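Here are my notes for a colleague opening this model for the first time. Please read them with the structure on screen.

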Amino acid sequence: MSKLPIMIDTDPGIDDAAALAIALFHPDLDVKLITTVAGNVSIEKTTANALKLIEMFGKDVPIARGCEHPLVYDLDDGSEVHGITGMDGWVFPEPDYSRLMKEHAVIAMRDLLMESPEEITLVAIGPLTNVGMLFRLFPEVKAKINEIVLMGGSVTRGNKTPTGEFNIYSDPEAAHIVFTSGLPIRMVGLDVGWKSFVDGKHMDMLPEINKVCEMLEATFRHYRSNQFEKGIVNMYDSDAIAALVKPEMFKWVNTHLDVELEGKYGRGQTVCDLDERYGKAHNVTVAVDVSTKVFQDWFIESLKNCNI
C-alpha cells in the first residue's frame, strides 16, 4: 500500500511534538511539508521548536515559517500553559535554520499543492491562520487537497474560554474560512481529546522504549505535572494522526458546523448542529467519541516506530 501524502500545520508545543513524532515515523504516512503558526507560543518559538524536533528525529522534511498573528486580532498565546519556550523539560539540539525554507508557509503550501501529481491531505493541529490565509489568497489549491483533518473545536465545552477551544479561539475568522471551504473536513475536538489520554502505567513505559519516548515523558512531566499527579496525560494533537491511520477508534457524525465570531462569551465556539435541528447541509465530519483503550494501545505502538 502506498503511503498517504500529508502536510502538517502546527504550533509546537509538546502535544504537537508527540503528533509529529508519530506522523514522521509512521510507515503509512509521507510527510511532505511542516508549516509553523503562532499559537502555543510565538511564531519564532514554534518555528525553532519544529526545527529542534526535526534535528532530533533525523528527518529531512522541509519546514516553512507561517503567520505570526491571527487574521484579525492580536495573538493570545498559550505560554501561560506551555511555558516560555513551549518545549521545556528536555535539552534539544540547537535549531538549524539552514533547514528553514525561504518561502512563507502559505507560499510553500501553495507550491507543494499545485506541483503535486497527487492530492495531499492537510493536517492542522494548531490555530488555522495559515490555512485560512491559503484559501483566501489561493483558492485554486482546494482542488489539490484530499481532505482536511484537524484537532480543534469542541461539541461541548472549551479550554481557552468556557465555550472556546484554544486552536479555534486563537483565530476564529480563519477557522470560519476553513469550515466553509467546501472541502471534506474531519474534526477531532477537545472533548474527544479528554478521552484520548495516556495513564500512569503507559507513561512509565515511555522512557524504556526509545529516545523519542524518553523526551516525550520528560517534557510532559515538566509541562503537565498537574496531570501526572492525577495519573493521566491527554494527547490531544495525536488524535489528528490517529484519525488518519486508525479512524475506526472514533465515533464519527456528519453535521453542519460553523464558528461563532462575535459575542462576549461565545467567540471562538464551534457550533455543531448534531441533532440537525436547522436542516443545514453537512460540512464537517466530527468525532464525538473515542475508545480510550484502543487509543492508548495505538499511541504506545506508534511510538515504538520512532527509533533514532
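1. Start at Val188, which stands opposite Ala287 in S12. This is a predicted model, so read each point below as a statement about a prediction. S6 and S12 run parallel and are joined by three bridges. On the S5 side, Val188 is the bridge partner of Met151. S5 and S6 are also parallel, with four bridges between them.

2. Now look at the two faces of strand S6 (residues 185-188). Ile185 and Met187 lie on one side, Arg186 and Val188 on the other. All four are buried, so both faces of S6 are covered. The split fits a general pattern: in a regular strand the side chains alternate between the two faces of the sheet. Note that an arginine, Arg186, is among the buried residues.

3. Step back to the whole sheet. Eight strands make it up, in the order S3-S2-S1-S4-S5-S6-S12-S9. The sheet is open and its pairing is mixed. Its edges are strand S3 (63-65) and strand S9 (250-255), each paired on one side only. On average, neighbouring strands are turned by 25 degrees against each other, direction ignored.

4. Go to the S9 edge. S9 and strand S12 (residues 284-290) run antiparallel, joined by six bridges. Thr255 stands opposite Val284 in S12. S12 is thus a good place to see the mixed pairing: it runs antiparallel to S9 and parallel to S6.

5. What packs on the sheet? Helix H4 (residues 105-115) does. The helix touches strand S1 (4-10), S2, S3, strand S4 (120-124) and strand S5 (145-151). Its direction makes about 155 degrees with that of S2.

6. Asn40 deserves a close look. It sits in the loop between strand S2 (29-36) and helix H2 (43-57). Is Asn40 buried or exposed? Its relative accessible area is 6%, under the 20% limit, so Asn40 is buried. Its side chain has polar partners. One is the backbone oxygen of Asp11, at 2.8 Å. Another is the side chain of Asp16, in a polar contact of 3.1 Å.

7. Check the cysteines. How many disulfides does the structure hold? The count is zero. Take Cys213: the nearest cysteine sulfur belongs to Cys306 and is 6.2 Å away. A disulfide needs the sulfur atoms within 2.5 Å, so Cys213 is in none. Cys213 is buried, with a relative accessible area of 0%.

8. Finish with the aromatic residues. The structure holds four aromatic pairs. One is Phe295 with Trp298: the ring centres are 5.8 Å apart and the planes stand at 45 degrees, so the pair is tilted. These two residues are three apart in helix H13 (residues 292-303), which puts about one helical turn between them. Phe295 is buried at 0% relative accessible area, and Trp298 counts as buried at 9%.

9. Phe295 has another partner, Phe299. Their rings are stacked, 5.9 Å centre to centre with 25 degrees between the planes. Four residues separate the pair along H13, again about one helical turn. Phe299 is buried, as is Phe295. Together, Phe295, Trp298 and Phe299 form one aromatic cluster.

Note on methods. Residues numbered from 1 in each chain as written. Predicted model: local features only at pLDDT ≥ 70, side-chain atom pairs only at ≥ 80, totals over all residues. Heavy atoms only, no water. Buried < 20%, exposed > 50% of the residue type's maximum accessible area, 1.4 Å probe, protein only. Polar contact = N/O pair within 3.5 Å; in protein donor to acceptor, adjacent residues only side chain to side chain. Pairing = 2+ DSSP bridges. Axes fitted to C-alpha atoms, helices over the stretch in contact; angles between N-to-C directions. Contact = heavy atoms within 4.5 Å. Phe/Tyr/Trp six-rings, centres within 6.5 Å; stacked < 30°, edge-to-face > 60°.
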